[in-house]
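Let's take a look at the pockets in this protein. Where are they, and what lines them?

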Amino acid sequence: MSVSPIPFSKPYFSGREFQYMEQAIRSGKISGDGLFTQKCHAFFEQELGFQKALLTSSGTDALELAALLLNIQPGDEVLVPSYTFVSTANAFVLRGARIVFVDSTAENPNLDVAQLEALITPRTRAVVPVHYAGIACDMDELLAVATRHNLAVVEDAAQAIDSFYRGRPLGTLGTLGAFSFHEAKNIIAGEGGLLTVNDPQLVRRAEIIREKGTDRTAFFRGEVDKYTWMEPGSSFLPSDLTAAFLWAQLENMTRIQQRRHVLWQRYDATLRAPLTARQVGLPVIPTYATNNAHMYYLTCRSLAERTALIAHLARQQVLLVFHYLSLHHSPYYAPYHDGRALPWADYYTDHLVRLPLYYELAEADQDRIIEAILEFYADWDKG
(Lines give C-alpha, C1' and ligand atoms only; values in the text may rest on other atoms or scores of the structure.)
Protein backbone atom coordinates (compact mmCIF):
# COMPACT_ATOMS: atom_id res chain seq x y z
CA MET A 1 0.00 0.00 0.00
CA SER A 2 1.41 3.38 -0.98
CA VAL A 3 1.65 6.12 1.62
CA SER A 4 1.68 9.88 1.24
CA PRO A 5 5.06 11.58 1.49
CA ILE A 6 5.74 13.50 4.69
CA PRO A 7 7.82 16.62 4.00
CA PHE A 8 10.29 18.05 6.46
CA SER A 9 8.49 21.39 6.60
CA LYS A 10 5.32 22.97 5.25
CA PRO A 11 4.31 26.64 5.52
CA TYR A 12 1.17 27.34 7.55
CA PHE A 13 -1.52 29.74 6.35
CA SER A 14 -3.96 31.21 8.85
CA GLY A 15 -6.54 32.10 6.18
CA ARG A 16 -6.27 35.88 6.39
CA GLU A 17 -3.00 36.36 4.52
CA PHE A 18 -4.75 36.99 1.18
CA GLN A 19 -7.33 39.27 2.79
CA TYR A 20 -4.68 41.47 4.39
CA MET A 21 -2.48 41.53 1.31
CA GLU A 22 -5.49 42.63 -0.76
CA GLN A 23 -6.23 45.30 1.85
CA ALA A 24 -2.66 46.57 1.53
CA ILE A 25 -2.97 46.66 -2.27
CA ARG A 26 -6.28 48.52 -2.16
CA SER A 27 -4.81 51.06 0.25
CA GLY A 28 -2.43 52.20 -2.47
CA LYS A 29 0.56 51.87 -0.09
CA ILE A 30 2.51 48.66 -0.61
CA SER A 31 6.07 49.91 -0.12
CA GLY A 32 7.82 49.78 3.24
CA ASP A 33 6.48 51.07 6.55
CA GLY A 34 2.81 50.98 5.60
CA LEU A 35 -0.17 50.14 7.78
CA PHE A 36 0.70 46.48 8.29
CA THR A 37 4.34 47.21 9.05
CA GLN A 38 3.10 49.57 11.76
CA LYS A 39 0.77 46.88 13.12
CA CYS A 40 3.64 44.39 13.28
CA HIS A 41 5.95 46.89 14.97
CA ALA A 42 3.28 47.64 17.59
CA PHE A 43 2.75 43.93 18.24
CA PHE A 44 6.44 43.27 18.75
CA GLU A 45 6.90 46.26 21.02
CA GLN A 46 3.67 46.07 23.03
CA GLU A 47 2.94 42.34 23.12
CA LEU A 48 6.42 40.83 23.08
CA GLY A 49 8.28 43.61 24.89
CA PHE A 50 10.87 44.54 22.27
CA GLN A 51 12.11 48.06 23.00
CA LYS A 52 12.34 49.01 19.31
CA ALA A 53 11.28 46.70 16.48
CA LEU A 54 12.14 47.26 12.82
CA LEU A 55 10.96 44.87 10.13
CA THR A 56 13.53 43.90 7.51
CA SER A 57 13.38 41.93 4.29
CA SER A 58 15.03 38.89 5.88
CA GLY A 59 16.85 37.69 8.96
CA THR A 60 20.04 38.10 6.95
CA ASP A 61 19.14 41.76 6.38
CA ALA A 62 18.61 42.21 10.11
CA LEU A 63 22.13 40.91 10.79
CA GLU A 64 23.65 43.07 8.06
CA LEU A 65 21.85 46.11 9.45
CA ALA A 66 23.25 45.24 12.88
CA ALA A 67 26.80 45.09 11.50
CA LEU A 68 26.40 48.52 9.87
CA LEU A 69 24.85 49.93 13.02
CA LEU A 70 27.83 48.78 15.12
CA ASN A 71 30.29 50.40 12.68
CA ILE A 72 32.16 47.13 12.18
CA GLN A 73 35.37 47.96 10.31
CA PRO A 74 37.99 45.95 8.40
CA GLY A 75 40.21 44.14 10.90
CA ASP A 76 37.63 44.10 13.69
CA GLU A 77 37.06 40.67 15.21
CA VAL A 78 33.63 39.16 15.83
CA LEU A 79 33.02 35.97 17.84
CA VAL A 80 30.55 33.64 16.08
CA PRO A 81 29.67 29.98 16.59
CA SER A 82 30.94 27.72 13.82
CA TYR A 83 27.75 25.67 13.89
CA THR A 84 25.34 28.18 12.41
CA PHE A 85 23.88 29.41 9.15
CA VAL A 86 26.28 31.35 6.94
CA SER A 87 24.38 34.65 7.40
CA THR A 88 25.52 34.87 11.04
CA ALA A 89 29.12 35.28 9.92
CA ASN A 90 28.59 36.73 6.46
CA ALA A 91 26.92 39.89 7.77
CA PHE A 92 30.17 40.85 9.49
CA VAL A 93 32.51 39.55 6.77
CA LEU A 94 30.82 42.02 4.40
CA ARG A 95 32.09 44.82 6.67
CA GLY A 96 35.63 43.43 6.59
CA ALA A 97 35.57 41.74 9.99
CA ARG A 98 37.67 38.73 10.91
CA ILE A 99 35.46 35.93 12.21
CA VAL A 100 36.73 34.08 15.28
CA PHE A 101 34.78 30.85 15.54
CA VAL A 102 33.54 29.48 18.86
CA ASP A 103 32.80 25.80 19.47
CA SER A 104 29.41 24.45 20.55
CA THR A 105 28.68 22.85 23.91
CA ALA A 106 28.36 19.14 24.60
CA GLU A 107 24.83 19.79 25.86
CA ASN A 108 23.45 21.45 22.72
CA PRO A 109 24.64 23.25 19.58
CA ASN A 110 24.73 26.70 21.23
CA LEU A 111 28.12 28.36 21.55
CA ASP A 112 30.28 27.47 24.55
CA VAL A 113 30.33 30.65 26.63
CA ALA A 114 33.23 29.30 28.70
CA GLN A 115 35.50 29.63 25.66
CA LEU A 116 34.80 33.31 24.95
CA GLU A 117 37.24 34.98 27.34
CA ALA A 118 40.28 33.21 25.89
CA LEU A 119 39.32 34.26 22.34
CA ILE A 120 38.96 37.98 23.03
CA THR A 121 41.71 40.33 21.82
CA PRO A 122 41.99 44.13 21.69
CA ARG A 123 40.39 43.95 18.24
CA THR A 124 37.27 42.06 19.34
CA ARG A 125 34.18 44.18 18.83
CA ALA A 126 31.17 41.89 19.15
CA VAL A 127 29.89 38.43 20.02
CA VAL A 128 26.96 36.84 18.19
CA PRO A 129 25.19 34.10 20.18
CA VAL A 130 22.85 31.92 18.11
CA HIS A 131 19.86 30.59 20.03
CA TYR A 132 19.82 27.25 18.25
CA ALA A 133 16.37 25.62 17.88
CA GLY A 134 14.97 28.58 19.81
CA ILE A 135 16.80 27.50 22.99
CA ALA A 136 18.60 30.32 24.78
CA CYS A 137 22.35 30.47 25.20
CA ASP A 138 23.73 31.05 28.71
CA MET A 139 23.12 34.79 28.48
CA ASP A 140 24.01 35.83 32.05
CA GLU A 141 27.58 34.60 31.67
CA LEU A 142 27.82 35.78 28.07
CA LEU A 143 26.64 39.28 28.94
CA ALA A 144 29.05 39.40 31.89
CA VAL A 145 31.97 38.61 29.54
CA ALA A 146 30.73 41.19 27.02
CA THR A 147 30.45 43.85 29.72
CA ARG A 148 33.95 43.17 31.05
CA HIS A 149 35.40 43.64 27.56
CA ASN A 150 33.03 46.32 26.26
CA LEU A 151 31.67 44.12 23.47
CA ALA A 152 28.40 44.51 21.62
CA VAL A 153 26.10 41.49 21.73
CA VAL A 154 24.01 40.66 18.65
CA GLU A 155 21.53 37.89 19.39
CA ASP A 156 20.92 35.72 16.34
CA ALA A 157 17.39 34.78 17.32
CA ALA A 158 16.38 33.66 13.82
CA GLN A 159 14.74 30.52 15.26
CA ALA A 160 13.73 31.99 18.59
CA ILE A 161 10.44 33.88 18.29
CA ASP A 162 8.36 33.31 21.46
CA SER A 163 11.33 31.94 23.40
CA PHE A 164 12.61 33.28 26.70
CA TYR A 165 15.65 33.42 28.96
CA ARG A 166 14.77 33.63 32.67
CA GLY A 167 11.46 35.22 31.71
CA ARG A 168 12.89 37.73 29.21
CA PRO A 169 12.16 37.39 25.48
CA LEU A 170 15.12 36.37 23.39
CA GLY A 171 16.20 39.29 21.26
CA THR A 172 15.89 41.73 24.19
CA LEU A 173 19.03 40.80 26.12
CA GLY A 174 21.81 41.89 23.79
CA THR A 175 22.59 45.21 22.19
CA LEU A 176 20.65 44.06 19.13
CA GLY A 177 18.61 41.03 18.08
CA ALA A 178 17.83 39.51 14.68
CA PHE A 179 14.82 37.31 13.83
CA SER A 180 13.78 35.47 10.68
CA PHE A 181 10.31 34.88 9.25
CA HIS A 182 11.47 32.53 6.50
CA GLU A 183 8.85 29.97 5.54
CA ALA A 184 10.54 27.23 7.61
CA LYS A 185 10.22 29.20 10.86
CA ASN A 186 7.36 29.11 13.40
CA ILE A 187 5.94 32.47 12.27
CA ILE A 188 6.45 33.17 8.60
CA ALA A 189 6.22 35.77 5.86
CA GLY A 190 7.82 33.75 3.05
CA GLU A 191 10.92 35.82 3.62
CA GLY A 192 11.18 38.60 6.18
CA GLY A 193 13.05 39.50 9.32
CA LEU A 194 13.18 41.80 12.31
CA LEU A 195 15.87 43.84 14.05
CA THR A 196 15.35 44.58 17.72
CA VAL A 197 17.24 47.58 19.07
CA ASN A 198 17.80 47.47 22.83
CA ASP A 199 20.18 50.43 23.16
CA PRO A 200 18.13 53.67 22.99
CA GLN A 201 21.18 55.52 21.63
CA LEU A 202 21.12 53.32 18.51
CA VAL A 203 17.43 53.70 17.60
CA ARG A 204 17.68 56.82 15.42
CA ARG A 205 20.71 55.49 13.53
CA ALA A 206 18.98 52.15 13.01
CA GLU A 207 16.06 53.94 11.37
CA ILE A 208 18.43 55.97 9.19
CA ILE A 209 20.56 53.03 8.02
CA ARG A 210 17.43 50.98 7.34
CA GLU A 211 16.07 53.78 5.10
CA LYS A 212 19.01 54.02 2.66
CA GLY A 213 20.99 56.19 5.08
CA THR A 214 18.34 58.93 5.18
CA ASP A 215 16.17 60.41 7.91
CA ARG A 216 13.04 59.58 5.90
CA THR A 217 11.38 57.81 8.85
CA ALA A 218 11.71 60.95 10.97
CA PHE A 219 10.32 63.01 8.07
CA PHE A 220 7.15 60.91 7.90
CA ARG A 221 6.70 61.39 11.65
CA GLY A 222 6.88 65.14 11.08
CA GLU A 223 10.12 65.54 13.03
CA VAL A 224 12.01 67.17 10.13
CA ASP A 225 10.69 69.27 7.24
CA LYS A 226 12.61 67.29 4.58
CA TYR A 227 14.73 64.18 4.53
CA THR A 228 18.28 63.84 3.33
CA TRP A 229 21.31 61.56 3.25
CA MET A 230 22.73 61.23 6.76
CA GLU A 231 25.17 58.29 6.53
CA PRO A 232 25.79 55.09 4.56
CA GLY A 233 22.82 52.74 4.62
CA SER A 234 20.76 50.46 2.44
CA SER A 235 17.14 49.50 1.75
CA PHE A 236 16.26 46.99 4.44
CA LEU A 237 12.49 47.64 4.46
CA PRO A 238 10.14 44.86 3.40
CA SER A 239 7.12 45.57 1.25
CA ASP A 240 3.91 46.12 3.19
CA LEU A 241 2.61 43.04 1.35
CA THR A 242 5.16 41.00 3.29
CA ALA A 243 4.09 42.74 6.51
CA ALA A 244 0.42 42.03 5.71
CA PHE A 245 1.19 38.32 5.41
CA LEU A 246 3.18 38.44 8.64
CA TRP A 247 0.36 40.23 10.47
CA ALA A 248 -2.02 37.36 9.67
CA GLN A 249 0.52 35.02 11.26
CA LEU A 250 1.08 37.16 14.35
CA GLU A 251 -2.67 37.29 15.00
CA ASN A 252 -2.54 33.49 15.22
CA MET A 253 0.78 33.10 17.02
CA THR A 254 -0.77 31.58 20.15
CA ARG A 255 -2.63 28.96 18.13
CA ILE A 256 0.40 28.18 15.98
CA GLN A 257 2.62 27.80 19.01
CA GLN A 258 0.15 25.64 20.90
CA ARG A 259 -0.01 23.19 18.01
CA ARG A 260 3.75 23.06 17.59
CA HIS A 261 4.17 22.38 21.31
CA VAL A 262 1.72 19.48 21.12
CA LEU A 263 3.72 17.93 18.28
CA TRP A 264 7.07 18.56 19.98
CA GLN A 265 5.84 16.95 23.21
CA ARG A 266 4.47 13.92 21.31
CA TYR A 267 7.92 13.33 19.83
CA ASP A 268 9.54 13.75 23.21
CA ALA A 269 7.12 11.57 25.14
CA THR A 270 7.59 8.61 22.81
CA LEU A 271 11.24 8.92 21.74
CA ARG A 272 13.11 10.13 24.81
CA ALA A 273 13.13 6.96 26.90
CA PRO A 274 13.93 4.38 24.18
CA LEU A 275 16.49 6.55 22.38
CA THR A 276 18.19 7.80 25.55
CA ALA A 277 18.61 4.17 26.57
CA ARG A 278 20.48 3.69 23.29
CA GLN A 279 22.58 6.81 23.95
CA VAL A 280 21.05 8.71 21.04
CA GLY A 281 20.95 12.42 21.89
CA LEU A 282 17.74 14.45 22.11
CA PRO A 283 17.09 18.17 22.73
CA VAL A 284 18.17 19.52 26.10
CA ILE A 285 16.28 22.52 27.54
CA PRO A 286 18.40 24.23 30.23
CA THR A 287 16.57 25.43 33.34
CA TYR A 288 17.10 29.06 32.32
CA ALA A 289 15.49 28.57 28.89
CA THR A 290 12.07 27.90 27.43
CA ASN A 291 11.22 25.81 24.40
CA ASN A 292 9.38 27.46 21.48
CA ALA A 293 8.91 24.12 19.68
CA HIS A 294 10.84 25.29 16.65
CA MET A 295 12.70 22.03 16.12
CA TYR A 296 12.91 18.46 17.31
CA TYR A 297 16.24 16.81 16.56
CA LEU A 298 18.28 13.71 17.30
CA THR A 299 22.03 13.42 17.58
CA CYS A 300 22.94 10.03 16.18
CA ARG A 301 25.92 8.03 17.44
CA SER A 302 27.81 8.20 14.17
CA LEU A 303 27.68 9.70 10.71
CA ALA A 304 27.02 6.23 9.27
CA GLU A 305 24.07 5.80 11.61
CA ARG A 306 22.60 9.16 10.63
CA THR A 307 23.01 8.42 6.92
CA ALA A 308 21.29 5.06 7.36
CA LEU A 309 18.47 6.59 9.45
CA ILE A 310 17.75 9.24 6.80
CA ALA A 311 17.76 6.56 4.10
CA HIS A 312 15.47 4.28 6.13
CA LEU A 313 12.90 7.06 6.60
CA ALA A 314 13.21 8.12 2.95
CA ARG A 315 12.19 4.60 1.87
CA GLN A 316 9.03 5.19 3.86
CA GLN A 317 8.41 8.54 2.19
CA VAL A 318 9.52 10.60 5.22
CA LEU A 319 12.05 13.40 4.80
CA LEU A 320 14.58 13.86 7.60
CA VAL A 321 17.32 16.44 7.11
CA PHE A 322 20.62 17.25 8.74
CA HIS A 323 21.55 20.86 9.37
CA TYR A 324 24.60 23.15 9.26
CA LEU A 325 28.10 22.32 8.10
CA SER A 326 30.79 23.78 10.36
CA LEU A 327 31.73 27.18 8.96
CA HIS A 328 35.37 26.86 10.01
CA HIS A 329 35.65 24.04 7.44
CA SER A 330 33.78 25.91 4.69
CA PRO A 331 35.57 26.39 1.37
CA TYR A 332 35.40 30.15 1.76
CA TYR A 333 36.50 30.62 5.37
CA ALA A 334 38.72 27.60 6.11
CA PRO A 335 41.83 29.47 4.87
CA TYR A 336 41.14 32.27 7.37
CA HIS A 337 40.38 30.07 10.38
CA ASP A 338 43.09 30.04 13.04
CA GLY A 339 43.39 26.26 12.99
CA ARG A 340 41.76 25.46 16.34
CA ALA A 341 39.84 22.21 16.48
CA LEU A 342 36.13 22.73 17.17
CA PRO A 343 35.06 19.17 17.92
CA TRP A 344 31.49 19.81 19.04
CA ALA A 345 30.66 21.90 15.98
CA ASP A 346 31.96 19.02 13.87
CA TYR A 347 30.02 16.54 16.01
CA TYR A 348 26.70 18.27 15.33
CA THR A 349 27.61 18.63 11.65
CA ASP A 350 27.97 14.84 11.36
CA HIS A 351 25.42 13.60 13.92
CA LEU A 352 22.41 15.93 14.16
CA VAL A 353 19.23 15.17 12.21
CA ARG A 354 15.94 17.09 12.29
CA LEU A 355 12.46 15.55 12.29
CA PRO A 356 9.42 16.95 10.46
CA LEU A 357 7.62 19.53 12.57
CA TYR A 358 4.96 21.83 11.15
CA TYR A 359 1.45 22.98 12.07
CA GLU A 360 -0.43 20.64 9.74
CA LEU A 361 1.56 17.52 10.60
CA ALA A 362 -1.18 14.97 11.32
CA GLU A 363 -0.76 12.88 14.43
CA ALA A 364 -1.14 9.73 12.35
CA ASP A 365 1.76 10.90 10.17
CA GLN A 366 3.79 11.76 13.24
CA ASP A 367 3.14 8.24 14.53
CA ARG A 368 4.49 6.91 11.22
CA ILE A 369 7.68 8.89 11.75
CA ILE A 370 8.08 7.72 15.34
CA GLU A 371 7.43 4.09 14.48
CA ALA A 372 9.91 4.21 11.60
CA ILE A 373 12.62 5.69 13.84
CA LEU A 374 12.09 3.08 16.55
CA GLU A 375 12.01 0.33 13.93
CA PHE A 376 15.30 1.58 12.52
CA TYR A 377 17.05 1.52 15.90
CA ALA A 378 15.70 -1.91 16.79
CA ASP A 379 17.24 -3.27 13.58
CA TRP A 380 20.42 -1.14 13.64
CA ASP A 381 21.38 -2.24 17.13
CA LYS A 382 21.05 -5.88 16.13
CA GLY A 383 23.90 -5.25 13.71
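Here is a short tour of two pockets.

## Ground rules

This is a predicted model: local features need pLDDT of at least 70, side-chain atom pairs count only at pLDDT 80 or more, and totals for chains, interfaces and linings use all residues. Residues are numbered from 1 along each chain as its sequence is written, and side-chain values use heavy atoms, leaving out hydrogens and water.

## The largest pocket

Start with the largest pocket (on a 1 Å grid over the protein atoms alone, an open set of points where a 1.4 Å probe fits, with protein on both sides within 12 Å along at least five of seven lines). Its volume, the space filled by probe spheres set on the points, joined across faces, edges and corners, is about 510 Å³. It has 30 lining residues, meaning those with an atom within 4 Å of a point. Closest to the centre are Q159, S180, H182, K185 and Y324.

Helix α3 (59-69) gives the most to this lining, with 3 residues. Along with α3, both α4 (86-93) and β8 (176-180) supply at least two. Helices (H or I, at least four residues) and strands (E, at least two) are DSSP runs, numbered from the N terminus. By class, the lining has 12 nonpolar, 13 polar and 5 charged residues. Ala, Val, Leu, Ile, Met, Phe, Trp, Tyr, Cys and Pro count as nonpolar, Asp, Glu, Lys and Arg as charged, and the others, Gly among them, as polar.

## The second largest pocket

Next comes a pocket of about 320 Å³, lined by 17 residues. D33, Q38, H41, T217 and R221 lie nearest its centre. The lining here splits into 3 nonpolar, 5 polar and 9 charged residues.

Which helix supplies the largest share of this lining? That's α2, with 5 residues.
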